[in-house]
Amino acid sequence: AAAKKDGYPSFMEKEINDQPDAVAQTLLGRSDIDGNLTLDEIRVDPAVLKSINRIIVLACGTSAYAGQVARYAIEHWCRIPTEVELSHEFRYRDPIVDENTLIVSLSQSGETMDTLMAVRYAREQGAKTVAICNTNGSTIPRESDAVLYTHAGPEIAVASTKAFLAQITAAYLLGLYLAQLRGNLFQGQIKDILAELAKTPAKIATVLANSEQIKELARSMADTRSVLFLGRHVGYPVAMEGALKLKELAYIHAEGFAAGELKHGPIALIEEGQPVIVVVPSPRGRDSLHSKVVSNIQEVRARGAKTIVIAEEGDESVREFAEHVFYIPETSPLLAPLLTTVPLQIFACELAMAKGYDVDQPRNLAKSVTVE
Ligand code: G6P
């Protein structure tokens, strides 16, 4: 059946608004009535999964940023060293892979040539491969040992949105599954995280319902030549994904930086009026990352940046340094990307529309890159 826009002017807007469902559907049926995780589709011998000593996540584009987000959670929960690598870099560097390596591929389409080739190579080296994929029966899942489908529904717009949130969700489920199997987390901890995940669709809906303000800002910035994005911890890949959306949809030069790198270079770019979008960690998080990022906002602001801040509801500390603040509902720090990404997608989409661009089919891009 032909995919429909459900009354939205574009697939992009529809898919951004589909995100509460994309996450909910990806969680559906993956826990039992008592709230315990049940991931039957990971058909890899549990003894093998207990013996792996390394995880390599392989993906391209937006999917690779989902992998980078998931890495923080997987390492934290499972205590398995986890790397994320672009498939095309991995496959050409003679990588070290063996039977104790678990390869996790992330691909919306399941057809990205470089990711397929990277998975094939790893399998030949004896690694076990799990595919996280949004397209039933596509090539990468068929060539993997196991598949965990994201249930975001068909994604038509070329730039990925709902598949990204669904990939993070599925990769988190895989992380919890491994932590459960290997005894790294107590049952109760896993249940608590699943319960928190179950609340995210409603919170995403809240972000969507409150998006008028960021749309207005985006429309007012149609002449912008460059936007910098800063984030830290899970907010770092979110910043890079926000920048990627702006490049893809609005053809604006954009870069995402790790906030801690600011002093090592990016701060030299700041001049009067330079827009900087900052993804602020929760003030309830560990390691005082929050106050470090708030200092970064002050530093760029003091040099003339126009600061646009995504922060957690109730975080008043950012207000005095921010020209614009967009609040997202409270959640645990590792789950925040499921919320903080959404205003960045909306910003890119709205700005691109204000410039009159086709947000479903950006120039020069393909939905699925099936050639090298
Ligand atoms: C293309 C698409 C992106 C996507 C990337 C990876 O570049 O335009 O939106 O993130 O491929 O695709 P995959 O299907 O492997 O997730």
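**Exercise 1. Give the strand order of the open sheet that contains β1, and say which strands stand at the edges.**

Step 1. The order is β2-β1-β3-β4-β5, five strands with parallel pairing. Strands are DSSP runs (E, at least two residues), and helices are runs of H or I with at least four residues, numbered from the N terminus. Two strands pair if DSSP finds at least two bridges between them.

Step 2. β2 (82-86) and β5 (146-149) are the edge strands; each has a single partner, so one side of each is left without a neighbour in the sheet.

Step 3. From one strand to the next, the twist averages 20°. Axes are lines fitted to C-alpha atoms, for helices over the stretch in contact, and angles run from 0 to 180 degrees between N-to-C directions.

This is a predicted model: local features need pLDDT of at least 70, side-chain atom pairs count only at pLDDT 80 or more, and totals for chains, interfaces and linings use all residues. Residues are numbered from 1 along each chain as its sequence is written.

**Exercise 2. Find how β1 joins β2, then place α4 and α6 on the sheet.**

Step 1. β1 (residues 54-59) runs parallel to β2, with five bridges between them. A59 has L86 as its bridge partner in β2.

Step 2. α4 packs on the sheet and touches β1, β2 and β3 (101-107). Its direction makes about 175° with that of β2. Contact means C-beta atoms, placed from the backbone, within 7 Å.

Step 3. α6 (residues 113-124) also packs on the sheet, touching β1, β3 and β4 (128-133). The direction of α6 makes about 165° with that of β3.

**Exercise 3. Work out the sheet that contains β6.**

Step 1. Five strands form this open sheet, in the order β7-β6-β8-β9-β10, with parallel pairing.

Step 2. β7 (253-258) and β10 (324-328) stand at the edges, each with a single partner strand, so one side of each lacks a neighbour in the sheet.

Step 3. Six bridges join β6 (residues 226-231) to β7. G231 stands opposite A258 in β7.

Step 4. α11 (residues 235-250) packs on the sheet, touching β6, β7 and β8 (275-279).

**Exercise 4. Describe the shell around the ligand.**

Step 1. The shell has 16 residues; G61, T62, S107, S109 and T112 are the closest. The cut-off is a C-beta atom, placed from the backbone, within 6 Å.

Step 2. Helix α4 (residues 61-78) gives the largest share, three residues.

Terms used
Two residues are in contact if their C-beta atoms, placed from the backbone, lie within 7 Å.
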